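Visitor: I should like a close look at one part of this structure, namely the contact surfaces. Please take me through them in one connected account.

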Amino acid sequence: MDILRFITAGSVDDGKSTLIGRLLYDSKSIMIDQLEAIEKQSKNREDGEIDLALLTDGLRAEREQGITIDVAYKYFSTPTRKFIIADAPGHTQYTRNMVTGASNSDLIIILVDARNGVSEQTRRHSIIASLLNIPHVVVAINKMDLVNNSQDVYNNIVIDYSAVAASLGLKDITYIPISAINGDNIVEKSASFPWYEGESLLHILENVAVANDINYTDARFPVQYVIRPQTDDLHDYRGYAGKVISGIYKKGDTICVQPSGLQSVISAIEIGGQQVEEAFAPQSVVIHLQDDIDISRGDVIVKTDNLPTIENELDVLLCWMGNKPLKAGNKYLLQINSRVVKAVVKEIEYKLDVNSLLQEPSPDQAQLNDIVKVKIKTASPIPYDSYKKLRVNGGAILIDETSNVTVGACMIQ
Amino acid sequence: MSENINLVDSSRASSELGDNNYRRLDYLDQLESESIHIFREVAGQFERPALLFSGGKDSIVLVHLALKAFRPGKFPFPLVHIDTGHNFQEALDFRDQFAQAIGEKLIVRNVADTIREKNLTEQKGKFASRNALQTFTLLDTIEEFKFDACIGGARRDEEKARAKERIFSVRDEFGQWDPKLQRPELWNTYNGKIDKGENVRVFPISNWTELDIWNYIRRNKIELPSIYFSHDREVLEYQGQLVATSEFIQLEEGDKVAIKKVRYRTVGDMTCTAAVESNASTIDDIIKEIIATKTSERGETRIDDRVSEAAMEDRKKGGYF
Ligand SMILES: Nc1nc2c(ncn2[C@@H]2O[C@H](COP(=O)(O)OP(=O)(O)OP(=O)(O)O)[C@@H](O)[C@H]2O)c(=O)[nH]1
Ligand SMILES: [Mg+2]
């Protein structure tokens with residue numbers, strides 16, 4: 001059994017939370033007491049239907065307003081897969097919370113309200129899916145019940161969205177007509193769409209191939225912590241603890257520490273105290289080296305025949321998440337995996353217009369939820385890969401040193 | 001346009017996997033690795049972390065994950081237990097023996113002491129609980145030891161407010177959670193930067209479900225306190241729930257008390273944790289029952305969540321875990 005992490009996205013009220021409620025309900029993943037609780041709350045509703053969105057809208061403020069504010073994580077499994085679902089908010093104001101949920105997702109379900117078609121928020125979330133390089137996209141055209149399950153409506157939205165997808169370079173897209181509220185095409189294929197040739201949503205989720213998304217070629221091991229027991233019997237023990245974020249490491253491999261460039265050979269690898277011959281992504285391990293060289297937290301152990309880029313000038317696509325605007329010249333901390341360095345945003349090259357997808361050159365500043373291209377200079381060179389090539393070693397966050405808050409998501413080019 | 005934003009790289013051929021097929025981690029291995037990574041981020045980012053350890057199954061799994069993260073080194077944090085004084089003796093005994101067996105430091109602070117020192121008022125009534133008062137002792141303990149990070153065993157599948165919380169959850173100096181002001185948390189990059197007086201609650205097993213925990217316990221042959229397995233116990237039947245009789249709950253005329261075969265699904269205070277009628281005496285039996293059950297873990301076993309729709313959210317806002 002493996003894991004699929006996915007997120008639901010799309011405009012306000014397109015039915016994201018309802019869809020997840022349906023998926024959980026129809027796959028019998030909701031417990032009686034949870035159902036009773038939402039039934040009780042749904043009583044106030046005029047139509048008397050139970051509101052499945054209440055399953056994920058867990059905050060009081062969300063239930064009061066009937067909207068999602070922050071990501072909720074839900075879990076269910078079928079015999080083949082464990083699913084980790086992130087239910088994202090649709091409101092533009094809360095886009096940064098959507099980005100939070102999307103950053104770890106293998107797949108994104110973009111909902112489109114069949115009555116409204118592709119909207120600004122559909123485009124915004126699609127851009128984010130593209131920026132974050134989410135490998136698989138499902139476009140679910142929802143509320144088909146409100147358009148008489150019309151194939152024409154469906155086809156027109158597919159045509160519209162295909163244009164957006166093409167301009168964003170989104171790949172591996174699957175389209176599906178659904179009615180989240182009625183459960184059509186969610187767990188079972190529905191008779192409401194005799195013209196639809198594909199499978200149910202759950203079937204798609206169970207079968208999308210995530211195995212290929214792991215990179216076994218470019219070995220990257222950021223050191224998180226150095227284990228040094230310094231007891232009598234373990235006097236010389238020095239292990240580098242971290243997670244293999246990509247690639248494979250074997251005993252005897254010649255390695256190189258970045259950014260220092262020091263070299264050594266792997267003498268042992270341990271997983272949970274057991275010696276192993278090799279380690280691969282995404283295992284958490286301890287690596288031992290033949291030589292006592294200077295390595296500390298934030299350094300990256302790589303192999304001499306496959307080096308990352310080491311630079312202090314970075315071209316970055318940036319989702320701005322700060323409440324205060326970003327201006328050229330602002331200083332932040334930049335954190336990439338376990339490495340933190342001081343950084344300055346030298347220049348804002350352009351801002352992306354979410355509707356036209358055009359670039360507005362040299363804006364004065366970036367506001368909350370803007371997507372901009374910037375040049376960042378770091379106080380010292382950092383080892384990284386382009387995000388496009390290696391998601392796990394090309395994403396970084398910006399931290400406001402005065403408030404400690406995470407204010408930016410960087411996709412290094 | 002498309003040049004800059006065309007980000008999706010499909011260059012890796014799908015046939016590449018071929019001989020890497022055996023290098024696919026099972027879901028439990030993936031969860032384990034994620035949790036170990038979080039533990040090591042805490043060790044790397046904080047000066048004075050603590051692991052909150054109650055002797056319940058989730059915190060026991062947490063300690064096992066810490067062993068995998070740091071052995072043969074010592075834990076870079078003590079184990080801390082906030083003892084309400086209403087705990088199950090079996091869990092307390094297990095707590096002490098386990099801490100001793102692994103040779104790690106255990107700090108215990110008692111809610112009873114806080115009540116006495118600060119003149120706090122105890123709840124009254126049949127199931128008078130110290131759940132709310134627990135937060136006072138926790139915050140005092142954080143202050144006493146200047147803890148900057150507290151690692152806890154909460155899971156997002158437990159409850160709808162928990163489902164919303166980040167893995168690194170920043171709390172102000174009163175321990176308060178502000179659900180409308182959570183920091184973005186991207187990829188597996190955790191920002192643990194805080195000001196003096198603030199602290200971070202860290203939840204390494206956020207993405208585990210109850211069943212994942214049990215399957216992990218089975219796979220790794222993890223030992224648990226005896227109360228998780230079927231045993232005879234005198235219980236009070238109250239509104240469909242079975243509450244162990246003890247000096248902490250007040251029996252009244254007409255209360256239905258009987259000896260039943262029960263086990264516990266969660267271990268909290270004796271006053272607010274209910275037992276489940278069960279003959280399951282092995283982990284395999286328990287897993288079978290969990291798969292078949294129609295009631296959620298908290299729904300079946302927690303009396304304290306029933307108070308209001310937003311009970312957990314409110315407690316978190318007030319500094320609770
Ligand atoms: N008729 C119909 N109504 C639907 C369908 N799916 C959702 N709805 C309704 O649309 C409304 C909004 O649904 P939600 O699931 O809360 O929408 P959301 O996308 O999660 O909204 P935010 O999270 O606030 O962005 C609710 O009243 C739902 O009952 C559908 O398939 N058909
Ligand atoms: Mg919603």
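Guide: The account below turns to the surface between two chains and then to one between two domains.

This is a predicted model, in which local features need pLDDT of at least 70 and side-chain atom pairs count only at pLDDT 80 or more, while totals for chains, interfaces and linings use all residues. Residues are numbered from 1 along each chain as its sequence is written, chains are lettered from A and ligands numbered from 1 in the order in which they are written, and side-chain values use heavy atoms, with hydrogens and water left out.

Between the chains, 76 residues of chain B are in contact (heavy atoms within 4.5 Å) with 102 residues of chain A. The buried area, that is, the accessible area (1.4 Å probe) that two parts lose on being put together, summed over both, is about 7,600 Å² for chain B and chain A, and carbon and sulfur atoms give 53% of it. Salt bridges, defined as a side-chain nitrogen of Lys or Arg within 4 Å of a carboxyl oxygen of Asp or Glu, number 7 between chain B and chain A. One of the salt bridges joins Arg297(A) to Glu41(B), with 2.8 Å between the closest N and O atoms. The interface of chain B and chain A also has 32 residue pairs in polar contact, both residues being at pLDDT 80 or more. A polar contact is a pair of N or O atoms within 3.5 Å; within protein, one must be able to donate a hydrogen and the other to accept it, and residues adjacent in sequence count only if both atoms are side-chain atoms.

On the side of chain B that touches chain A, at least two residues each come from α1 (2-5), α2 (27-45), α3 (57-70) and α10 (311-317) of chain B; helices are DSSP runs (H or I, at least four residues), numbered from the N terminus. The largest share, 12 residues, belongs to α2(B).

Within chain A, the domain assignment, which is automatic or from a database, gives domain 1 (2-212), domain 2 (220-303) and domain 3 (309-412). The centres of domain 1 and domain 3 of chain A, taken over C-alpha atoms, lie 29 Å apart. Their contact involves 21 residues from domain 1 and 15 residues from domain 3. These two domains of chain A bury about 1,600 Å² between them, 59% of it on carbon and sulfur atoms. Arg96(A), Ile127(A) and Leu131(A) lose the most area on the domain 1 side, together 39% of what that side buries. Across this interface of domain 1 and domain 3 there are 0 salt bridges, but 11 residue pairs are in polar contact.
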